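Work through the following exercises with the model open in a viewer. Each task is followed by its solution.

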Amino acid sequence: LPEKILPKSNATPGLLAHIAVSKYVDALPLYRLEQIFKRDNIDIPRNTMASWMIALAEKLTSIYNLMEEDLLDSDYVCCDETVVQVLKEPGKPAQSKSYMWVRARHGPGINPIVLFDYDPTRSGTAPNRLLKGFKGYLQADWYAGYDEVCKGEGIIRLGCMAHARRNFFDSYKAGGKKEGPAHEMLLIIKGLYQVEEKIRD
């Protein structure tokens, strides 16, 4: 028989892929997946699925490492972070904030890479660790956590038009959506987006 991705388990590659996509792409918690499977008379407890996801992550570490090397060797990386809640994390109450950091590379003619990394804090230690050895253009918001890594030699920080636009939109909205400087800037940014759309390829 062909070697199983998770020896001594009855998990097929298709089932593992389905669970991973459902949980990490479609944001379905494992307890909901357990209920969905039960409706089809399939008994897969959520703790079994959780164990499979941990084992699968370990199996895919070498692929992740190759993708990370390729990403950090490129001359352009986008970086951002978002809040996640971890229910049972040692030394932290369930209501506390943790963070998922994303690093991405995309654009015409290059293979896209998107990597997610968990960190219990939003401190600058995360970007310092995740961008170690990177040289090139770093596109990120103006969060101060990126300041230290951007002081490093060979990194040029790029702003994000979506974040800049948000501030003008908030001013425009607060002003009753009337014409004025904020509205003017929104029209200029809209024009820039139209140029980007035309030259995308």
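**Exercise 1.** Against which helices do the buried residues of α2 pack?

Solution. The model is a predicted one.
- Step 1: list the residues of α2 (residues 30–39) that are under 20% relative accessible area, which gives Leu30, Leu33, Glu34 and Phe37.
- Step 2: view α2 down its axis; these buried residues fall within an arc of 105°, so they line one face of the helix. The spacing fits a general rule: an α-helix has 3.6 residues a turn, so residues three or four places apart point the same way.
- Step 3: search for heavy atoms within 4.5 Å. The partners of the buried residues of α2 are α1 (13–25) and α3 (46–59).
- Step 4: check the backbone where the helix ends. Asn41, just after α2, has a positive phi of about 60°.

**Exercise 2.** Describe the fold and the overall dimensions of the chain.

Solution.
- Step 1: count the elements, which come to eight helices and five strands. Their order along the sequence is α-α-α-α-β-β-β-α-β-α-β-α-α.
- Step 2: compare the radius of gyration of the chain, 21 Å, with the value near 17 Å for a compact globule of 201 residues.
- Step 3: take the spans of the C-alpha trace along the principal axes, about 65 × 40 × 40 Å.

**Exercise 3.** Characterise the burial, the surface and the charges of the chain.

Solution.
- Step 1: 28% of the 201 residues count as buried.
- Step 2: the exposed area is about 13900 Å², of which carbon and sulfur atoms supply 58%.
- Step 3: there are 27 positive and 26 negative side chains, and the centres of the two sets are 6 Å apart.

Terms used. Residues are numbered from 1 along each chain as its sequence is written. This is a predicted model: local features need pLDDT of at least 70, side-chain atom pairs count only at pLDDT 80 or more; totals for chains, interfaces and linings use all residues. Side-chain values use heavy atoms; hydrogens and water are left out. Helices (H or I, at least four residues) and strands (E, at least two) are DSSP runs, numbered from the N terminus. The radius of gyration is taken over C-alpha atoms; the globule rule is 2.2 Å times the number of residues to the power 0.38. Buried means under 20% relative accessible area, exposed over 50%, partly exposed in between (1.4 Å probe, protein chains only). Accessible areas come from the Shrake-Rupley method with a 1.4 Å probe; for residues, only the protein chains shown count as cover. Lys and Arg count as positive and Asp and Glu as negative; His and the chain ends are not counted. The place of a charge is taken as NZ of Lys, CZ of Arg, CG of Asp or CD of Glu. The arc is that of the directions from the helix axis to the C-beta atoms.
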